[in-house]
Amino acid sequence: MIQLNNIDKYYSSKFTRTFVLKGIKLEIKSGEFVTIMGPSGAGKSTLLNIIGLLDQPSAGEYLFMEEPVHHFKERKRSELHKHHIGFVFQAYHLIDELTVYENIETPLLYKGIKGKQRKAMVAEILDRFNIVAKKDLFPEQLSGGQQQLVGVARAIVGQPKLLLADEPTGNLHSKQGQVIMELFKELNAEGMTIIQVTHSDENAQYGSRIVQLVDGMIRSDQAVLPAHPKHEG
Amino acid sequence: MKVNLNRGLWNHSLKIAIRIFRQNPIFSGINVIGLVLGIISFSVLLLYYVQETSYDDHFPNAENIYRITINSTEDGSYQESARSPIPFLDFYHEAVGSELVLARMIPWPGYLKYQANQKSKENQFVFADPEILDIFPMEVRQGSLENSLQAPFQLIITQSKALQYFGEQNPIGQTLSFDEGSDELSFTVTAVIEDNPFNTHLDFDFIASIKSLDQFAPWYYSWFYPTAFLYARLEPEANLSSLEKVAQDVLNTNAKPGYLDSNPEIVFQPLTDIHLQSNRQGEWKPNNTQININLFLLLGMFILLIAIINYVNLTTANNQKRMKEIGLKKTMGSKRDQLIQQFFVESWLIIAISFVLSVLILLIIWDPLISKLIDGNTISELLVNYQLTIWVLLGLIVTSGLAGFYPTLVTIKFNPIDAIKNNIGKYMNKGIQRKTLVSTQFSISMILILITMLLIQQYHYLTSKNPGFSKDYHVAIKMADDHDIQHVKELKAQLSQLSFIQNTAASSAILGLSESFHGFDVKFPDRPNFQGIEWPTLGVDEDFLKTFDIKLASGRDFSKDYITDQSEAFIINRSAADHLGGELLGENIELSIYTGKREIRKGKIIGIVEDFHFKSFYQSVDPLVIYINQHPNFTDFLNIKLSPGSMADQIEAIESVYKAFNTDKPMELLFINDEIASTYQRELASGKIMLLFTVLSIFVAALGAFGLATHSFRRRSKEMGIRKVLGASSGNITLEVLKEYLIIVSIACISAWPLVYYLSSKWLDNFAYATDFGFVNYLIGLLILILVIVISNLHQLIRSIKLNPVEYLKDE
Ligand SMILES: Nc1ncnc2c1ncn2[C@@H]1O[C@H](COP(=O)(O)OP(=O)(O)O)[C@@H](O)[C@H]1O
Ligand SMILES: [Mg+2]
């Protein structure tokens, strides 16, 4: 599904080039649940943004669903993004002025999904995440965990093939974090490809593979041992 | 010590001012520009209002001075005249002599000669009773007003005319000769007076003693023609209504029976009401209307309001941002109080800067631009009237002072805790106050846009509507003197030699110029019911209808082939025919013409022409009688139809022909199109002022919208980033940005449209022919408003579309 070949990302200032990512080679197959780890400033978010087609690499090839997206124009990239990718943020990034319902509905509006179907899709997600009662509340009236639940609901309501999550539990208590992780696991089991960034080893265990990023380079890329005991929640 | 303190304060304020401008050049710039434009517009339009309401109130006892005018009704046609019959004064004086001072002024345009063969047309030449100097005391520059109008051929002239005719010489005792047909009348200058101020309804450059008329034109003493402006100054305790009643009685008992046929009714007009309330036949000059100046004052208030709303919106938005920053840093307390203090200083500084700038700009642009635009005061005249200046300054200081308070008050109410705690209530009424203010701005803009469109459209309609005669290549030579009138046929013949002249025709009136049409009695002997109607008449020669391409409905045109046409043929218009009804061709008709004495022409109707608008489109077409004018008295114009091509060349050629024809007088040439347009001068002038200030007000509103868009981008950039991540396209983002204006524009339409609809139908009722100001115009107004919004948001719109969500969504 995702194939990165020698991806570089750098920022140029007057005389110097600062590399954020350097020579990234990474292949992620459909249905994988990959965790990217690494120290702060290693380039994890940058990598995730490139994969999510929000940012462009400075050099290298990126094949997304077999398509060479590094050749694509902005418009076509955002079309791909819109239809296949969902994003979850550490700071939730819900729209303050919109209710829970409206927040979840927004990506469907942009995808051009018509009224009845849209309602059904939102209703289904609300039901699944057990937040029907909260649908008319504004984000500020929710706890952090509830907000992130809405964030995930909004990311997956359009049934994307790929879910990207940048430290989704970073602002949450571990209990709230577990709920999100369980959810990810469930979604992955249903076939959704997930790439998450996290600092927590515990959370990493929910995935099937861990990529270590240090100074913009991949230090290691290992499968999570299935035998490893999972923290029971 | 004291000096140091002041300097310290001054330095401190200055430092703050510079700091605000540095920190927020856009907001401060918009605020200052908007306020400056608002203050300037308001001051100009307020001063215009004051100027127009000040007419004639500088005369001592102005409140006791009246103009005596006449309303008349004859056979259903009602007329309000600004003037009265000349003999009336003497009878009235006899009846009420001690209770009031009475004086007449009789306009008598003519040619004045000073040096040999140098004649110039003087339209503001009047004959007056000496008492006029009691009623309207004048400032003497040279000579004395004592006995200055007592004897025949005495003449008072204005300062600028003295300069024109005598230069540096002392005019007192010198003579000017007045061309009166074969006579040359010699007037002796007795006094030089100040020019009339612009704010009087009076309009004269020369006042000659009325006794002069006894000497050379004794026929002036007539109940019919000419007529005089008649003024009366009452004693303060005099009873107006009894004086009016006496006047009516005097008129009814002493007037000639023929004159009383018109059922004259005396009306006393207060002097100071004339400029804004009087619109009678034969006014000195076109007057203004109260509605007009109210409209302009309202316009000024609107622009200032729009600017103040900008100022309040932008300042509160900016203050709140800073409060929030302070709040977020959780170091409120004293810092917050300090900040509020600073807000106060800053608000006042912005206002003070704008204020000083406005005054400076006004001083600079007043004379070259404004005084021309509003046809009034120069700045020095304004400054002399220091009371007015002080009032205007005071008004502005109070208004802007209040405006300075408001943003800080709003900001104090805003609680920074809300900003941190993300309180729910905040979103419920978020920006409601700001949206209300912006809606007000756009409603006002919509009203102004539509009213301006209405004025322009109606003016265009009036000047471009087909009047039923051709006029685009038409000029007319005004007959300068008896020589011209006697020899008009020769002039015609000479002009016909010029290849580009298509046609020429003599006439007694100019088409489109209502006042040039003489009304005479018409009788239809075959129709006893229609005896003695006064209808407008037009004396012409045989080429007139051809020259103006006026269409015959039935019958025939005048023709040189029928020698009897010259005295026995009449053509009437369709309106006259409709008035009478039935088959009119060949019927008998009698027309009374005054040629010094009454002459009655008897003849037959030979043709009926389609209605053409010989008067303005204010009125529907009156009945009209056209006859061949043989008598020289009413041959006032020679109309000429030119060819397409260079007007200047053709006119030059005509001028050289005329120069040889009349070696004595300069040629006076009228362009028919211009004369018609001049009828609608008021619409044009109002339209121009409206357009200018509407554009200004929209500019100020757009500045505000631009400032708010900047603010809104700052507020919403993160949200736009999120939306982009969620898949929003450029179109989605554009809609999202403009959605904020949906309600605002809707409110603007809902509040402005009905009001404009009401006002426009009311205003258009003044015209017999009105443009159709339909729904399309409202849509165009809406479109203009949307365009203004889009343009003022364009920069932020592009920023929103281009923004890179990654940058705005960094998790800190
Ligand atoms: N616009 C930018 N210009 C320059 N440097 C940047 C920019 N954005 C990110 N960086 C740098 O790139 C590096 C990687 O950032 P990021 O991908 O956010 O790291 P991580 O998510 O692993 O903490 C950081 O050192 C950061 O300072
Ligand atoms: Mg990061």
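# Pairing strands and buried side chains

Author: Strand S1 (residues 2–12) of chain A pairs with S2(A) in the antiparallel sense, over eight bridges. Please keep in mind that this is a predicted model.

Reader: What makes S1(A) and S2(A) count as a pair?

Author: Two strands pair if there are at least two bridges between them. S1(A) and S2(A) have eight bridges, so the requirement is met. You can look for one facing pair yourself: Ile2(A) stands opposite Ile28(A) in S2(A). A hairpin of four residues leads from S1(A) to S2(A).

Reader: And what holds paired strands to each other in general?

Author: Strands of a sheet pair through backbone hydrogen bonds, in either a parallel or an antiparallel way.

Reader: How do you know that S1(A) also pairs with S4(A)?

Author: The cut-off is at least two bridges, and S1(A) and S4(A) share five, in the antiparallel sense. In S4(A), Glu61(A) is the bridge partner of Asn5(A).

Reader: What makes strand S4 (residues 59–64) of chain A and S5(A) a pair?

Author: S4(A) and S5(A) have two bridges, again antiparallel. The rule asks for at least two, so this pair qualifies. Here Leu63(A) stands opposite Pro68(A) in S5(A).

Reader: In what order do the four strands of the open sheet in chain A lie?

Author: The order is S2-S1-S4-S5, with antiparallel pairing.

Reader: Why are strand S2 (17–28) and strand S5 (67–68) of chain A called edge strands?

Author: Each of S2(A) and S5(A) pairs on one side only.

Reader: That is one sheet. What does chain A have in helices and strands?

Author: Chain A has seven helices and 10 strands.

Reader: How do you know whether chain A agrees with a compact globule or not?

Author: For 233 residues, a compact globule would have a radius of gyration near 17 Å; chain A has 18 Å, so the two agree. Along its principal axes, the C-alpha trace of chain A spans about 55 × 45 × 35 Å. Buried residues are 53% of the 233 in this chain. Among contacts in chain A between residues at least 6 apart in sequence, 70% join residues at least 24 apart.

Reader: How many positive and negative side chains does chain A have?

Author: There are 27 positive and 27 negative side chains in chain A, and the centres of the two sets lie 5 Å apart.

Reader: Let us turn to single residues. What makes the phi of Glu66(A) stand out?

Author: Most residues other than glycine have a negative phi. Glu66(A) is not a glycine, yet its phi is positive, about 70 degrees. Glu66(A) lies in the loop between S4 and S5 of chain A. Gln159(A), also not a glycine, has a positive phi of about 50 degrees. Gln159(A) sits in the loop between helix H5 (144–156) and strand S7 (162–166) of chain A.

Reader: Is Glu66(A) buried or exposed, and how do you know?

Author: Exposed means over 50% relative accessible area. Glu66(A) has 69%, so it counts as exposed. Gln159(A) has 55%, and therefore it is exposed too.

Reader: Is His81(A) buried or exposed?

Author: Buried means under 20%. His81(A) has 3% relative accessibility, so it counts as buried. Its place is in helix H2 (residues 74–84) of chain A. Leaving aside neighbours within four places in sequence, His81(A) is in contact with Gly52(A), Leu53(A), Leu54(A), Phe87(A), Lys724(B) and Val725(B).

Reader: Why is Phe469(B) called buried?

Author: Its relative accessible area is 4%, and the cut-off is under 20%, so the word applies. Phe469(B) is found in the loop between helix H16 (432–464) and strand S15 (474–478) of chain B. Beyond neighbours within four places in sequence, its contacts include Leu511(B), Phe548(B), Ile550(B) and Phe612(B). Phe469(B) and Arg799(B) are 330 residues apart in sequence and 58 Å apart in space, C-alpha to C-alpha.

Reader: How do you know whether Thr771(B) is buried or exposed?

Author: Thr771(B) has a relative accessible area of 9%. That is under 20%, so Thr771(B) is buried. Look for Thr771(B) in the loop between helix H25 (730–764) and helix H26 (775–802) of chain B. Not counting residues up to four places away in sequence, Thr771(B) touches Gln457(B), Gln458(B), Tyr461(B) and Leu764(B).

How values were computed:
Residues numbered from 1 in each chain as written. Chains lettered and ligands numbered in written order. Predicted model: local features only at pLDDT ≥ 70, side-chain atom pairs only at ≥ 80, totals over all residues. Heavy atoms only, no water. Rg over C-alpha atoms; globule rule 2.2 N^0.38 Å. Buried < 20%, exposed > 50% of the residue type's maximum accessible area, 1.4 Å probe, protein only. Contact = heavy atoms within 4.5 Å. Lys, Arg positive; Asp, Glu negative; His and termini not counted. Charge placed at Lys NZ, Arg CZ, Asp CG, Glu CD.
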